[in-house]
Amino acid sequence: MATLLLTNIGQLTTADQNARVLEHAAVLIQDSLIAWVGDMGQAPQADESIDLGGRAVLPGWVDSHSHLIFGGDRAEEFVARMAGQSYAAGGIAVTTSATSQLSDNELSEAVAARRAEALAMGTTWMETKTGYGLAVDEETRHSVLGKPLVDSLTFLGAHLVPAGWDADEYTELVTGPMLDAVADNVDFVDVFCERGAFTEEQSRRVLEAARAKGLATKVHGNQLGPGPGVQLAVEFGSHSVDHVNYLEEEDIQALAGSWAGWDSATRTGTPGTVATCLPACDLSTRQPFAPGRELLDAGVRIALASNCNPGTSYTSNMNFCVATAVLQMNLSLAEAIEAATYGGALALGVAGQTGSIEVGKRADLHVLDAPVAAHLAYRPGMNLTHSVYRAGKAI
Ligand SMILES: N=CN[C@@H](CCC(=O)O)C(=O)O
Ligand SMILES: [Zn+2]
């Protein structure tokens, strides 16, 4: 069994349950897993050793929300938005049409290139969604092509009601033949519960169909205005509700209540519904930032994710998301790092495998070209990723 010691780490942010930050640290990797963490002076012998020159190390980012399976872009829509037009869900149809024109090879290559781009910026676990197919054959094709290219895959047939369809009939298709066709390929079922997309009643049908299939759920909710998304997600025990820009007090209380069976000190118990904040999307759509500070203060577990997609957030740069959360959402650096690592892992149900630097977890590590992790927000916009290890392998 091959061992690799990463040593002379200036600052090691573990994002473990005690939020340990170690100085002059080392991490021993055995094959794909973390085998030892501690003071570099006490590190065990290893087959190979890499001196990180005093750099900061943190867990690889867990990006729990993206839409990488698409063709074309929507730069014109973005420019119009910057000139004052507001975002509307209808733009999804432009991408659906562009995506349908790509061959299997072209689409796979586009997704793989986007995944590689994110990995090079420290994202070692990445979720993505279907949702630019909106027909049984296309949604199935996207689920088959997407599955081997990402770590978690979500079915989002309920992204937009395609032109020419009655909304209830399309919901029938999504919850019947479309879900049947993709079910074996996906980890989650998601629904865009929003004005211009799916109503509360239609969203409920999507979540019920997922439950009947034994699939975990997510909800895109409360993005463009107050709405029922958060309450539905909590009611159905969804792993996450994402966007959460427009929350009423009852929404925050419902989310906090969902964590009543979870012990944060030991990270044991029954997890609730993670509130996933998407700061890059909020900037690109000029929406108010999700109230991450208030959610944390109310006892809600949050995640930070990129929401990389061609409409509302064409970036997969998690360094940028973390910097924005610190600078604009009043999160501390430690809170933002935890939300973008362990929080994302909770939102994907993979916190036992990744999201923190602990013995037994997958060796997913992000080395910064900086002495301390604070540089992520202190030097926003700079390329601070020095190197990345995914499942123990340098990329
Ligand atoms: N909100 C719904 N879906 C995407 C946007 C999709 C698009 O406009 O292409 C999002 O998460 O922001
Ligand atoms: Zn999304």
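1. A cavity, as the word is used here, is a set of grid points over the protein atoms alone where a 1.4 Å probe fits but cannot get out, and a lining residue has an atom within 4 Å of such a point. The structure under review is a predicted model.

2. On that definition, the structure holds one cavity of 30 Å³ or more. The space in the largest cavity comes to about 100 Å³. Its lining is made up of 13 residues, and those nearest the centre are H67, Y87, H159, N309 and T312.

3. By residue class, the lining of the largest cavity has eight polar members, four nonpolar and one charged. Polar residues are also the most numerous class around the ligand: the shell of ligand 1 has ten polar residues, against four nonpolar and one charged.

4. Where is ligand 1? It sits in the largest cavity. There are 15 residues around ligand 1, and R74, Y87, Y132, H159 and T312 come nearest to it. Y87, H159 and T312 are thus named both here and among the lining residues nearest the cavity centre.

5. Three side chains have polar atoms to check against the ligand. For Y87, a side-chain N or O atom is 2.5 Å from an oxygen atom of ligand 1. For T312, the corresponding distance from a side-chain N or O atom to a ligand oxygen is 2.7 Å. For H67, a polar side-chain atom lies 3.3 Å from an oxygen atom of ligand 1. As for exposure, ligand 1 on its own has 330 Å² of accessible area, and the protein covers 100% of it.

6. The UniProt record, an unreviewed entry, lists H65, H67, H220 and N307 under "binding site". These residues are spread over 243 residues of sequence but cluster in space, with a largest C-alpha distance of 12.3 Å. Which of them belong to the lining of the largest cavity? H67, H220 and N307 do.

7. H67 deserves a second look in the viewer. This residue is in the UniProt "binding site" list, is one of the lining residues nearest the cavity centre, and has a polar side-chain atom 3.3 Å from a ligand 1 oxygen.

Definitions and conventions: Residues numbered from 1 in each chain as written. Chains lettered and ligands numbered in written order. Predicted model: local features only at pLDDT ≥ 70, side-chain atom pairs only at ≥ 80, totals over all residues. Heavy atoms only, no water. Near = heavy atom within 4 Å. Polar contact = N/O pair within 3.5 Å; in protein donor to acceptor, adjacent residues only side chain to side chain. Areas by Shrake-Rupley, 256 points an atom, 1.4 Å probe, with all protein chains shown as cover. 1 Å grid on protein atoms, 1.4 Å probe; cavity = no way out; pocket = protein on both sides within 12 Å on 5 of 7 lines; lining within 4 Å. Sits in = over half its atoms within 2 Å of the grid points. Nonpolar A, V, L, I, M, F, W, Y, C, P; charged D, E, K, R; others polar. Points joined across faces, edges and corners; volume = space filled by probe spheres on them. UniProt positions renumbered as here; feature names shortened; annotations may be inferred.
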